[in-house]
Every structure is written in C-alpha cells, then in structure tokens.
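Welcome, and thanks for taking a look at this one with me. Below is a short briefing, grouped by topic, to read alongside the model.

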Amino acid sequence: MNNKTWKFTELKFPKPDLRVYEDLNEDAINRIREATNGDDVLEVIFEHSELSRKSSDLLEMTFIRQSMDTTNEKYEEERRWAYENLPFFEKTRVAFNEAIYSSPYKEYIEDRLGPMYFKKMDINKKTFCEENIPLAQRESELADEYQKLLATCQVEIDGETRSFLGLQRLFAHEDRDVRKQSFKAFSDFLCENQDRMEEIWDQLIKTRNEIGRNLGYDNYLPVAYLKRGRVDYGPEDVASFRKQVVEEIVPLCNKLYEAQTKRLGLKEIMAYDELIAFPDGNAKPVGDSEYLLNQIYEMLREMSPETEEFIEFMLDHELMDFEIRPGKAAREYSTIITSRKAPFLFAHFGGTAKDIKTVTGEMGHAFATYRSSRKQPLDNYYTSSADIMEIHVMSMTQFSNKYADRFFGEDARKYEFYNLQDLMTFIPFGTAVDEFQHICYENPELTPKERNLEWKKLEEKYMPWRRYDDNDEFMLNGGYWYHKHHIFQYPLYYIEYCLATVNAMEMYQKYVERPGTAWKEYLEFADIGGSRGYIDILRAAKLTPAYEDGAVRNSISYVKEVLENYIR
C-alpha cells in the first residue's frame, strides 16, 4: 500500500500466528542474553518494537471498529479475540522486558533511551502476573457489556431519536422544557438499567480488587495508579489536589452558578440547567455540521505550519469519524495506529457548541501524538500518561477561543465565557468521580444503596449547587454517577482531566500574554511525548504540578479573573 495514498478503511492487520509470535519473542530474548555489547541489545530492542507494533495495531483497530458499530457481530468477534489474547501479548512483553532488565548492558541502554524506558518496564513488571489473565479477560467483558448497555439507548425527544450522548447534548437546549424532558429520559434510561449496572460495577470492583491482591496489594488502587503511569505522585498528592479544589474552585463555581441563576431568571438552578449559560441559549454556531467541521480544519491550517501539516495528514488518510449514527459507542477519544504514526479521532459531531469544544480538544490530543511519534525513537514514547495528554486536549480548546468568531459570529464572546466556565465547573465533578472510585475500591463490602449514598455526599461536598426535581428519585438517591463510563472502563482516569485542566489554564494565560513564546514552548512540550516522567515534562513546559500547595490558586488565577469580570 502506497504510504502517501493509504486510507484508514484500507488498513488490514491480520491476526498473528501466536506460536510464531511467541517463537520470535523467544528468539529476541535469546539474542539479548547472548549479546556482547550494548549496541547489539539496542538493535534487538528496535527490531522487537516492530514486532510489538503489529499486535498493538491489531488491538487498536479492533477497538476502533467495534466502537464504530457496537452491533456489528464481525467487529465484536474481532474484539473478543483481541481481548481474550491481550494477556498473551502482555506475558510475552513482560518476558522480553525481563531479559533487557537483566542485561549487563542495562546502564548503556538507559543512557541511550532515557530513564523512562526502565520506569515503564517496572510498571509492566509490577502490574502483571499469570494468575490475573482470566481476571483481566473478565474485567474486559464486564466493561464492554456496560458500553453496550449505553449504546442501546434510543429515545424520542424533540422530534428526533436520541442516543445516550444525544440526550446529554439537549441539556444545553434553550427551551427549559426540552432540557427537563431530556434529563428525565436520561435518568429513566439509567434507572431502567440500574440493576444490571449495579451488578457490573460490583463484579468489576471484586474482580479488580482480586487482581490487586494477586499482585500483593490490599486492593486495586495501587495497581490503578501504576497502570495510569503515576510514578511521580500518589494518593496523598491526589488528596491534596482534591482539598484545593474544595477550597479554591468550589466557591468560585458557586458564584458562577448564582450569577447564571440570575441571568436565566430562575429561582434555583436545576441539574438540567447547569449547561445553559444564557436565557436566549448558549453561543449558537453559524452553519451546519459540515461547515463547522471545515472551519475547525481551517483554524488548524491558520494556527501554525505545524498544525496545518497535521490536519492535512488526517484528512488525506481519513483518520476521523465524527458521524452520528445508531450503534456507535457513546464516547469520544483519540488514539494512534502506531506503525503508521497515525492518530485516529472518534467523536459525535452534531454541530453544537459542545461538539466544537470536544472535537477541538481531541485535535489537541491527536496533534501532540502526531508530533511526538515523529520525534521519539520508540513507540512507547509516542504518548505520555493521560495527565499530560489531557493538557494538550484542554489547551487546544482554549487556544481555539482566538478563532471563536468563525464558529459563532456575534456570539463569539459568549462562547469564550461558556468555554472557560465549562472547564472550571467540570473540575469539581471530575474530582468527585475520583474520590468515589477510591471509596468503592477501599470499601468493596458497600451495598449498591450505600455506594449511591456515598455519591450523594460527594455531590454535597463538591457540587453544593446541584438540584434534582422532587420526583426524580433515581437522581435524588445518588444515581448520577452511573452514566460516567470512565468509572466502569478506565479506573482512576478521571482525576487526570482535572489536573490537566488546571495546567491548561496556566498554559492559556501564557498563550494570551506571550503567544509566540507560548506556542514554541507548547511544541517542545508536545515533542517530549512519553520520554520523561510527569514532573519532568511539566517542568520542561514551565508548568506546576497541580497538587503542590497553592498550585490550584495560582494556576487558575487568570481564568478566574476573566470569569469574575464577566459576571460582575
């Protein structure tokens, strides 16, 4: 296939013969053991990287295709095969890594590839044991069942059939009756599936905690921290960040919602009113979905030569799926097809302000991966941990404020305010999600009712403005968390959005005050990829770890001032 003309839909990654794969892996291990110098070991490492790309690309393609159409039996069978055999690939990788770790040329390798090479290897060693293979398979099955449950949502609202994400988009509708109706349908759908979701969550907690115990821990939490790549900070640091959120961000969000209540002419703001910032509706995009997507592409072409090169690559190879259709997974993401150094974007684009923000953010993630995959020597350096990658997401959404007029015309300033308020008010919710997961894994004996009570307490702590209708017993009893697929599918991921949002606000201030310098620093930040640890990357980008004392107050100061000036 011509490297210049290939399209995503033409890509094929056949299933490897597992016996041959294992033999090739064993051969690489033997060559490392027999190596007489460090360069020979490096040669094997780079050759083995090519072998591992084939398996990682196969796994990634099955994930993408199955999320494109969760009802397609062929895609489901591909996904099932991939995830049933994922532990096999993990096992061979651990064996290969162990050979390198034991090599007498370890120092030479570290000098050439950097300390993160062995730090990532340590994580793999600490999070894998053969006893956990069937448990990992069970975990995947449960998480996939939850995703399929969400994808079954088809509700008639406002003259259209709405998916689960489609319902949530209506929470920003200017007609309060539509918002209320869609939120009720959202709540009813979760309530109807509550029993099975509770069973899935209970089984996931038990399965994951058993994985943790098999690795020598009391529960799954230490494993989750390792799998998230957190080698620089731990639960105490995250708890410090959560405390700062309560002290610095929750009071500001209360002020923002008080001002919003007055703007909307309401006695009190309800859960289905939180996303509507103005009485005549949020900033309204000018043009249909096709026009707005083209404007995002034009924005990237104009932003810099680097982003222009990136978007042309994405368009040439058809690496984006933004269509809304039945059976498509209710999520948005950016991933990478490693062998092609090709990011892939997945989202639902209906032309709303929220859609523009989401797709712009995912462009930031993909752009950073595009850059680092061309700068870093190894594919495991192409991406960093999510607490870094999400800074790219959040930063790009704020960089787009400069171009708001092309999307919103006279509503551009409304969008800038909405964009910044949405970022700020998200943090308390995301922080609550993190603390909720800690509670669940630390207290697996809790009943579903007791878990929901814990969520209700967290809403009162982090979202004291949150109100539900008196007749919505499901939400009043603490059911809101059931909709957040990260809880089920990506343990402890959510706090990384919050940490990254704080750093992105710090980045945005630099971009406003010193755009040329800030963009240069941003490119250098993206080029690092995952070749350094969390703190080293932040320091290189001149950003502050958000859990440090006073970091939240300092990092949000500029955006806080912009928001407070707007509501005065």
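A residue is called exposed when its relative accessible area is over 50%, buried when the value is under 20%, and partly exposed in between. Please keep in mind that this is a predicted model. With those cut-offs, E34 is exposed because its relative accessible area is 62%.

**A charged patch on the surface**

- E34 sits in helix α1, which covers residues 18-34.
- This glutamate belongs to a negative surface patch, whose members are D17, E22, D23, E26, D27 and E34.

**Salt bridges across the chain**

- Side chains of opposite charge can pair when their charged atoms come close.
- How many salt bridges does the count come to? The count comes to 52 salt bridges, taking a Lys or Arg side-chain nitrogen within 4 Å of an Asp or Glu carboxyl oxygen as the rule.
- One of these pairs joins the side chains of K91 and E130, at 3.4 Å from N to O. The two ends come from distant parts of the chain, 39 residues apart: K91 belongs to helix α3, and E130 to the loop between α5 and α6 (133-151).
- K91 has a relative accessible area of 33% and is partly exposed. E130 is also partly exposed, at 49%.
- Another pair is E145 with R196, where the N to O distance is 2.7 Å. Here helix α6 supplies E145 and helix α9 (residues 194-214) supplies R196, so to speak from distant parts of the chain, with their positions 51 residues apart. In sequence terms, E145 and R196 are 51 residues apart.
- Both ends of that pair are partly exposed, with relative accessible areas of 27% for E145 and 25% for R196.
- A third example is E496 with R228, meeting at 2.9 Å from N to O. E496 lies in helix α21 (residues 494-513) and R228 in the loop between α10 and α11 (235-264), so this salt bridge ties together parts that are 268 residues apart in sequence.
- Are E496 and R228 buried or exposed? E496 is buried, at 0% relative accessible area, and R228 is buried as well, at 16%.
- Salt bridges with shared partners also connect E76, E77, R79, R80, D144 and K148 into one network.

**Buried residues and their contacts**

- Helix α5 spans residues 116-126, and its buried residues are M116, Y117, F118, M121, I123 and N124. Which helices do the buried residues of α5 pack against? Their partners are α2 (38-68), α3 (73-101), α4 (106-113) and α10 (221-227).
- T360 is part of helix α14, which runs over residues 353-375. T360 counts as buried because its relative accessibility is 0%, where the cut-off is under 20%.
- Leaving aside residues up to four places away in sequence, T360 touches I296, M299, M396, T397 and S400.
- A500 is found in helix α21, the helix that also holds E496. At 0% relative accessibility, A500 is buried.
- With residues up to four places away in sequence set aside, A500 is in contact with D387, E390, I391 and M394.
- For a sense of distance, the C-alpha atoms of A500 and G327 are 31 Å apart, and these two residues are separated by 173 residues along the chain.

**Positive phi angles**

- Most residues other than glycine have a negative phi.
- E318 has a positive phi, near 55°, and is not a glycine. E318 is placed in the loop between α13 (305-316) and β3 (320-321), and is partly exposed with a relative accessible area of 43%.
- L492 is another non-glycine residue with a positive phi, in this case near 65°. L492 lies in the loop between α20 (485-489) and α21.
- Why does L492 count as buried? L492 counts as buried because its relative accessibility is 0%, and buried means under 20%.

Terms used:
Residues are numbered from 1 along each chain as its sequence is written. This is a predicted model: local features need pLDDT of at least 70, side-chain atom pairs count only at pLDDT 80 or more; totals for chains, interfaces and linings use all residues. Side-chain values use heavy atoms; hydrogens and water are left out. Patches are made of residues with over 30% relative accessible area and no salt bridge: like charges are joined within 9 Å, nonpolar side chains (Val, Leu, Ile, Met, Phe, Trp, Tyr) within 5 Å. Accessible areas come from the Shrake-Rupley method with a 1.4 Å probe; for residues, only the protein chains shown count as cover. Lys and Arg count as positive and Asp and Glu as negative; His and the chain ends are not counted. The place of a charge is taken as NZ of Lys, CZ of Arg, CG of Asp or CD of Glu. Helices (H or I, at least four residues) and strands (E, at least two) are DSSP runs, numbered from the N terminus. Buried means under 20% relative accessible area, exposed over 50%, partly exposed in between (1.4 Å probe, protein chains only). Contact means heavy atoms within 4.5 Å.
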